[in-house]
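Student: Could you go through this structure with me, one question at a time?

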Amino acid sequence: MLFICILNSEIRILTSEIQHLSTFSPMKPLSNRTEHFTESVIRHMTRVANACGAINLSQGFPDFDPPKALQDRLAEVAHTGPHQYALTIGAQNFREALSKKQEHFSGLRYDPQTEMVITCGSTEAMMITMMSVCNPGDKVVIFSPFYENYTADTILSGATPIYVPLDPHDFTFDANVLEDAMKQPGVKALVLCNPSNPSGKVFTREELQIIADLAIKYDLYVITDEVYEHIVFAPHHHTYIATLPGMRERTIECSSLSKSYSITGWRLGYVLAAEPIMNCIKKIHDFTVVGAASPLQETALTALNFGDDYYQELQAHYTHMKEIFTGGLRNLGFKFTEPQGTYFVMMDISEFGYKSDDQFCIDLAQKVGVAAVPGSSFFREPVNHLIRFHFAKKDETLIEALNRLESLRQKMK
Ligand SMILES: Cc1ncc(COP(=O)(O)O)c(C=O)c1O
């Protein structure tokens, strides 16, 4: 009852805002750029969770602290600075440390002066990359299900997305269908999210080789989103597609510190690419954001210099959270896809007989007190039997969420 009241009051506020806006006299129409995509469903579900007091397993961010070394360093940097603009492409020491870290994990060296730019998260990295690669009328191949930003990134850069379905059971792709999409006239690039949100899929080397062969055959760029590069569960293993023969020069890698160091609010990400591509990306970055926060770059240097033990502990921690959450779902008798990487689980809600997964997620938040994301927001195809949970949460949060989910069948069937 309380949940419904709070949600209703949120809706009332929104309605009064709309009424207020409608009192303005008509003006020239605004840009039509935003007409072809909706507001983020993921971020909307966070607002629903907050309005209902639900446990937020929708938008993926941890409810635990970043490493203590980072918190301590942040306090020091408050006094020592820097507090003014860093170089627009990123602070020199940060880029040098990133170059070393990247070489350590992928074996590829990116020149800190000419082949990287530090961005406001991978979100900016993807957007400025897409704007640098695409002209109006170009096409971009995207696997479906996909992280919802890619549609907006593509459309805002004037291009049109072409979706290639992944099998919703095991998230594999059909190489012939992929080739049919990649060879269409006007296709400029393919977006590869690996490890993949929302499916939790980690592409195998063999799958990446198929993608790489086609990208070379049809002369396409591969724009990667590798923000979950360090959250992969054994025996799966992350392969950077840029390391495959012929791919270094056509891969534009976007990634971030958000997930690897539990600092989603610091907004630190980066793009790695060959110099001619980077020259375009740098210009758009400069004129959109100038640069990423300089005190946070100085602080996050500490993270880039962490040893292998940090990443082993991170994997162990995420494996532990995955076991609590997926073990709990299994005990409750729910069907879900076992993630190979990332911190997402897609749960099958067919047994509840809902026609709309959006409605299911609203009811789940209101009646059960757990927020998830409707799966349809990730799929181009009409898939509405899946919802996405994330498990980057403290043990007690996950256990409480599972306790609440125990009443799901009783409250929603
Ligand atoms: C696949 C993917 N890419 C990018 C982002 C956003 O990353 P950042 O915080 O670096 O902007 C997210 C966040 O959930 C994500 O899941």
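What follows is a set of questions and answers on the fold, the domains, the core and the ligand.

Student: How compact is the chain, judged by its radius of gyration?
Tutor: Keep in mind that this is a predicted model, and that its chain has 14 helices and 13 strands. The globule rule gives 22 Å for 413 residues, and the radius of gyration of the chain is close to that value, so the chain is as compact as a globular protein of that length, with a radius of gyration of 22 Å.

Student: What share of the contacts in the chain with a separation of 6 or more comes from residues 24 or more positions apart?
Tutor: A contact here means that two C-beta atoms lie within 7 Å. Among contacts with a separation of 6 or more, those between residues 24 or more positions apart account for 74%.

Student: Which element gives the most to the side of domain 1 that touches domain 2?
Tutor: The chain is divided into domain 1, made of 30–59 + 310–412, and domain 2, which is 85–305. Between them, 28 residues of domain 1 are in contact with 27 residues of domain 2, and the elements that give two or more residues to that side of domain 1 are α2, α11, β10 and β13. The element that gives the most, with 5 residues, is α11.

Student: How many residues of that side of domain 1 are nonpolar?
Tutor: The residues of the side of domain 1 that touches domain 2 divide into three classes, of which 8 residues are polar and 5 are charged. The number of nonpolar residues is 15.

Student: Where does the largest nonpolar core lie with respect to the two domains?
Tutor: The largest nonpolar core has 113 residues, and L190, V222, V271, V370 and A371 are those with the most contacts inside it. Helix α5, residues 121–133, gives the most to this core, with 7 residues. Because domain 1 and domain 2 both give residues to it, the core lies between domain 1 and domain 2.

Student: Which residues is V222 in contact with, leaving aside its neighbours within four places in sequence?
Tutor: V222 is one of the residues with the most contacts inside the largest nonpolar core. With those sequence neighbours left aside, V222 is in contact with A189, L190, L192, I211, A215, I241, M247, R250 and T251.

Student: Which residues come nearest to the ligand?
Tutor: By class, the shell around the ligand has 3 nonpolar, 9 polar and 1 charged residues, and the largest share of this shell, 3 residues, comes from α5. Of the 13 residues around the ligand, those that come nearest are G121, S122, T123, S256 and S258.

Notes
Residues numbered from 1 in each chain as written. Predicted model: local features only at pLDDT ≥ 70, side-chain atom pairs only at ≥ 80, totals over all residues. Core = buried A, V, L, I, M, F, W, Y, C linked by C-beta atoms within 7 Å. Buried ≥ 20, exposed ≤ 12 C-beta atoms within 10 Å, placed from the backbone. Helix = DSSP H or I, 4+ residues; strand = E, 2+ residues; numbered from the N terminus. Domains from an automatic or database assignment. Near = placed C-beta within 6 Å. Nonpolar A, V, L, I, M, F, W, Y, C, P; charged D, E, K, R; others polar. Rg over C-alpha atoms; globule rule 2.2 N^0.38 Å.
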